[in-house]
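Trainee: I would be grateful for a close look at one part of this protein, namely the buried charged and aromatic side chains and how they pair. Please set that part in the context of the rest of the chain.

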Amino acid sequence: MRLSVVIVNYNVKFFLEQCLNSVFAAAQGIDTEVWVVDNNSVDGSVAMVREKFPQVRLIANKDNVGFSKANNQALRQITGDCVLMLNPDTLVETDTFAKCLAFMDEHPDCGGLGVKMINGEGEYLPESKRGFPTPKVAFYKISGLIKLFPHSPKFAHYYLGHLDPDQTAEIEILSGAFLMTRKAVLDKIGLLDETFFMYGEDIDFSYRIIQGGYKNYYLPATRIIHYKGESTKKGSLNYVYTFYNAMAIFTRKHFSNSDARIFTAGIKMAIWARASLSFVKRLVSNIIVPLLDFLLIYLGFLAIKNLWAAHKSVSIDYYPPEYTYVIVPTYVILWLLCVFLYGGYRKPVNLLKILKGLAVGTATLLIFYSLLDETQRYSRALILLGAVWAVVATLSIRGILHLLKVKGYSLSANRSKAYLVVGDKSETQRVINLLGTVGIVPSFVGCVSDTDTDDPAFVGNSSQLGDLVRFYKINEVVFCGKNLQPQRIIELMTTLQNSNVEFRIVPQESQFVIGSGDIYSAEDAYAISLRTLALPRKRAQKRAFDIASATVVLLFSPVLWLFQRHKRGFFGKVILVLVGKNTWVGYGHGTQRQSLPELKPCVIPICGIDESARIADCRHLNNHYARNYRVGTDFLLLMRNLFKI
């Protein structure tokens, strides 16, 4: 056996399928065996491999045993002279294996080999080549000095920034995303160290290769796409912590105790510094826009109040201090709370969600205004005028942020995207239809041929791709995997990497579209929508609404209790919602809902308090509620049943 390929998979079925397609294309003419070790995925990965790739040698674990242990399960059974440990979220060129094996033959001292990696946007990934993470090197990376001096042999040694990424070179550390070695090397130095659950095992293995008398090489003559590269997560605090643990294990294993202690102290300082900066950054990022909204709306409301008093020919002191300093801030907070519940503070900015939140907030204020005693009603007109100003203020702030090009506040991001689909006539049409099935409504779709053609169905050919992107203001380019080899896709991505477009690939005969870190598919879109109420942010919105509305209902409970149809138990139900034992709105009782996200017992079933709807209708309403949950639904049902609690 010439080559053994080992892939460890965990819940990335669509990426894995594309990866295996590219692996078998690259293995043409090479005696190759392919192993997939699945770490108890729940996304159907195992069934997919068994159905579509029966030639794969599959190990289906019942637990997630980690990256190192899963690789070792296959490495103990391989028969190839060379072995490649490959990530499932990769796409290899058709000549990758041939070029790598030829290099190994030409360099008998080569114990480990890596290749040039690019991400799903066509950008070079610096982790393609790395240096030893000595305490100093690791500190330079985590502290951020590597960013300040990206080509320094000293500060950028972690990524060997002083070496040309387009030149073959001897390096120190290989990436676990693509790591080719020899079976003889494994027999001499051993398998992966299972102390490393994730991250660091490739560093340890690369180090042991050199200790064993071999060399590690970087070969840019062939490339792979690595969708979920380190660049997508290196800024997260969780990554910093995981990286520290891996480096700590490595240091304790390979360096002296004194060096290990120095490393540990230095890295802990770096982590605390990064944690503090991350906390401050997140805090400022999360509160700055709501704070601006509050200040602008509040100040504008005070100006409107004074103008309204002048219009009514009364003193500007007509309204008591508590109105200015208590009631008006309460109005503004309620508006902004509704904007938050409707997702108006999520990025990218969505103006419709902001308007919906303000509308619901205004309706809520007017409803409770009508329930107040006349002596406590200040002015309905001021609420309406304040609502208009709230709309103007919030939209103005978003407009300014858009002009300043603040990330996440681009108003153009909400527009329909323009697409180019590269492939032949039948496949481009299939892809266009596929985009429609997953709910994408493009503003423009153009078909591009990879060959010269005069067919009016195409807007041009791939040699004109850059001009086509600029002329049609394209947002995404989709490549048809059936018509274009991985080399060709990578070439086109590389030529457009500075064009600010996103790239996607549709593998042959597949019903999904792969992009950098995400996937479009009819199956996936349905699954996501079915689990809408299971998403953490949706559950957080629902709980926030329960707390806010239960608090308001409790404040007005003496009045509301008088109008209740069933007064007994009213206060108890409100308290149970407030403390989280119950929720206002939930599934209808007595129906089958095992497949739906779990909810607390509800006060108001979706099919009505009296549950007069048929079981079949109630089941349909349950499914629709879970699949399309909106805070507005809970609000409307609560208002409709406010006196039936």
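**Paired side chains, inside and outside**

Mentor: Glu491 and Arg488 form a salt bridge in which the closest N and O atoms are 3.3 Å apart. The model is a predicted one, and this pair offers a convenient point of departure. Both residues belong to helix α16 (residues 486-495), where they stand three residues apart and are therefore separated by about one helical turn. In an α-helix there are 3.6 residues a turn, so residues three or four places apart point the same way. Glu491 has a relative accessibility of 35% and so counts as partly exposed; Arg488, at 26%, also counts as partly exposed.

The buried charged pairs may now be set beside that one. Side chains of opposite charge can pair when their charged atoms come close. Asp202 forms a salt bridge with Arg130, with 2.8 Å between the closest N and O atoms. Asp202 lies in helix α8, while Arg130 lies in the loop between β6 (110-118) and α5 (135-143), so this pair ties together parts that are 72 residues apart in sequence. Asp202 has a relative accessible area of 9% and is therefore buried. Arg130 is likewise buried, because its relative accessible area is 6%; the cut-off for a buried residue is under 20%.

The helix that carries Asp202 deserves attention of its own. Helix α8 covers residues 201-211, and nine of its eleven residues are buried, so the helix is largely enclosed by the rest of the structure. The buried residues of α8 include the charged side chains Glu201, Asp202, Asp204 and Arg208. Among the others buried there are Ile203, Phe205, Ser206, Tyr207 and Ile209. Just after α8, Gly213 adopts a positive phi of about 95°.

A second buried charged pair joins Glu93 and Arg223, whose side chains meet in a salt bridge at 3.3 Å, N to O. This pair links distant parts of the chain: Glu93 is in the loop between β5 (90-92) and α4 (96-106), Arg223 is in strand β9 (residues 215-226), and the two are 130 residues apart. Glu93 counts as buried because its relative accessibility is 2%. Arg223 has a relative accessible area of 19%, so Arg223 is buried as well, given that the cut-off is under 20%.

These pairs are part of a longer list, since a search of the whole structure finds 22 salt bridges. Elsewhere, Lys417, Glu476, Glu502 and Arg504 are linked in a network of salt bridges.

The aromatic side chains come next. A pair of aromatic rings is described by the distance of the centres and the angle of the planes. Across the whole structure, a search finds 19 aromatic pairs. One of them is formed by Phe301 and Tyr331, a tilted pair with 5.9 Å centre to centre and 55° between the planes. The pair links distant parts of the chain, with Phe301 in helix α10 (residues 257-311) and Tyr331 in helix α11 (residues 321-341), 30 residues apart. Both Phe301 and Tyr331 are buried. The rings of Tyr319 and Tyr323 have centres 5.2 Å apart and planes at 25°, so this pair is stacked. Tyr319 is buried, because its relative accessible area is 7%, and Tyr323 counts as buried because its relative accessibility is 0%. Together with Trp335, the residues Phe301, Tyr319, Tyr323 and Tyr331 form one aromatic cluster.

Aromatic side chains also appear at the surface. Val559, Trp561, Leu562, Phe563, Phe571 and Phe643 make a nonpolar surface patch of about 550 Å². Helix α19 (residues 557-562) contributes the largest share of the patch, three residues. Phe571 is found in helix α20 (residues 570-579), and Phe571 is partly exposed because its relative accessible area is 39%. Over the face of Trp561 lies Lys567, at 5.7 Å from the ring centre.

For the wider context, the protein has 22 helices and 18 strands. Of its 645 residues, 49% are buried. Among contacts between residues at least 6 apart in sequence, 73% join residues at least 24 apart. The accessible surface comes to about 30,400 Å², and 58% of that surface belongs to carbon and sulfur atoms.

Definitions and conventions. Residues are numbered from 1 along each chain as its sequence is written. This is a predicted model: local features need pLDDT of at least 70, side-chain atom pairs count only at pLDDT 80 or more; totals for chains, interfaces and linings use all residues. Side-chain values use heavy atoms; hydrogens and water are left out. Patches are made of residues with over 30% relative accessible area and no salt bridge: like charges are joined within 9 Å, nonpolar side chains (Val, Leu, Ile, Met, Phe, Trp, Tyr) within 5 Å. Accessible areas come from the Shrake-Rupley method with a 1.4 Å probe; for residues, only the protein chains shown count as cover. A salt bridge is a side-chain nitrogen of Lys or Arg within 4 Å of a carboxyl oxygen of Asp or Glu. Helices (H or I, at least four residues) and strands (E, at least two) are DSSP runs, numbered from the N terminus. Buried means under 20% relative accessible area, exposed over 50%, partly exposed in between (1.4 Å probe, protein chains only). Rings of Phe, Tyr and Trp (its six-membered ring) pair if their centres lie within 6.5 Å; planes under 30 degrees apart count as stacked, over 60 as edge-to-face and the rest as tilted. A charge sits over a ring if NZ of Lys or CZ of Arg is within 6 Å of the ring centre and within 35 degrees of the ring normal. Contact means heavy atoms within 4.5 Å.
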